[in-house]
Amino acid sequence: MSGCSCDSDALMPFAEALETLLASAQCISETETVLLDQANNRVLAEPVISKISVPPAANSAMDGYAVNIESLTAGLCLPISQRIAAGEQGVVLQPGTAARIFTGSEIPPGANAVVMQERCIRQGDNVTFEGIPEAGANIRPAGQDIQPGRCVAEKGARLDGRHQGVIASVGINRVKVYRRLRVEIITTGDELVMPGEICAGGQIYNSNYFVLRGMLEALGCEVIFTGIIGDTLTETREALSLAAERADLIISSGGVSVGEEDYVKAAVESLGELDLWRLAIKPGKPLAYGRVGQVPFLGLPGNPGAVLVTFLMIARPYLLSMLGSNSVEPACFPVKSGFTRDKPIARDEFLRASLEWSEGQLYAAPVHSQSSGVLSSSVLAQGFLRIPAQQKVCENDLLPFYPFDGLLS
């Protein structure tokens, strides 16, 4: 694939970068069969086809009385000949009688309508009806939901409780899915320490590892991490070589610029190849893509705010494509801006924003800090508000909003 030199002044547009990255993504080929109750967040490797009807037989949509409407033409009072609870099968409805029936119970042969109990008066073993229903009233026909041969979950579907429920309803308890993606996180820097350790002068806690791990696990990935790598070329090369032996994808944060202490770039290039991009997005301009041996490598920026944007908007779709998902690009919807900005910038900007209702309208506005080094504002935000490059913002302008609810699951 093509990239641009880190020394180039050219910035690759966000949409072009995403398209280029997705075109290079290769879905893992290995599959496994898992129990349905273990399939949450897994990606289907083959479609799931129903062999049965759902419901399997016509059933009552409510509590009431099953009748044949022809029996009601001579009068509105009928004897009750049977009682059919959920899970029971009734017998053929005797002409001129009614069957007491409950929601979900199978309609007995000979009945063609159900009268809801609120429109009935029961006296002993007889029931009187307020009126004559139409044929088929309050009856769910067999196969109303699913017919035999219907695909209930397509190949590439990322399963959640909705899919699992539908698959369970057709009696299937095992599904074929792609195996979990193994992703190794590389964090380098002598300034980094893990939470719980003493943070000496000049050091900071390794928050990027937890940002990345949480988002990777939300995608169902198997995360590999062996600790913080020191700022030496030898340690960095060794860590990348080991990662390439056991991971499907390597993700790093920081270390791919041209600084004297940035060894990731040199280490990747010595073990494979590296395309360095400078993206026209804010935050997150520096981003690297390449390979360590034959294993793809993504180098994200070092600032935590930029890590959040580049992972969710670029790395996440790439990962979903590798996982075999048929829905990879982030979902968004238009929302009105609750602010103005007179000076456009040359990059697509992703603001951490919150939503508010005002006079029946939904508005989005940036939260307190948009610095790429600030992570806490992401917790206060509900998603990213995207301002396209070179665009001014007037109040009430419609802008795309990417909710975290969709990006973090």
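**Sheets, core and domains**

Student: Which residue in S9 stands opposite Cys120?

Tutor: This is a predicted model, where local features need pLDDT of at least 70 and side-chain atom pairs count only at pLDDT 80 or more, while totals for chains, interfaces and linings use all residues. Residues are numbered from 1 along each chain as its sequence is written, and side-chain values use heavy atoms, leaving out hydrogens and water. Strands are DSSP runs of E with at least two residues, helices are runs of H or I with at least four, both numbered from the N terminus. Opposite Cys120, in S9, you'll find Phe129.

Student: How many bridges join S8 to S9?

Tutor: Two strands count as paired if DSSP finds at least two bridges between them. S8 and S9 (residues 126-129) run antiparallel, and the number of bridges joining them is four.

Student: Which strands stand at the edges of the sheet S7-S4-S6-S5-S9-S8?

Tutor: That sheet is open, with six strands in mixed pairing. An edge strand here has a single partner, so one side of it is left without a neighbour in the sheet. That description fits S7 (113-116) and S8 (120-123).

Student: And in the sheet S16-S13-S17-S21-S20-S18, what angle does H3 make with S13?

Tutor: This open sheet also has six strands and mixed pairing, with S16 (222-224) and S18 (272-278) at its edges. H3 packs on the sheet, touching S13, S16, S17 and S21 (contact means heavy atoms within 4.5 Å). Axes are lines fitted to C-alpha atoms, for helices over the stretch in contact, with angles from 0 to 180 degrees between N-to-C directions. For H3 and S13, the angle is about 170°.

Student: Which element gives the most residues to the largest nonpolar core?

Tutor: A nonpolar core is a set of buried Ala, Val, Leu, Ile, Met, Phe, Trp, Tyr and Cys residues joined through side-chain atoms within 4.5 Å; buried means under 20% relative accessible area, exposed over 50%, partly exposed in between (1.4 Å probe, protein chains only). The largest one has 53 residues, and Leu216 and Phe311 are among those with the most contacts inside it. The top giver, with 12 residues, is H6.

Student: Why does this core lie between two domains, and which ones?

Tutor: Domain bounds come from an automatic or database domain assignment. Two domains both give residues to the core, so it lies between them. They are domain 1 (12-30 + 180-322) and domain 4 (333-402).

Student: What distance separates the centres of domain 1 and domain 3?

Tutor: The assignment puts domain 3 at 59-140. Taken over C-alpha atoms, the separation of the two centres is 65 Å.
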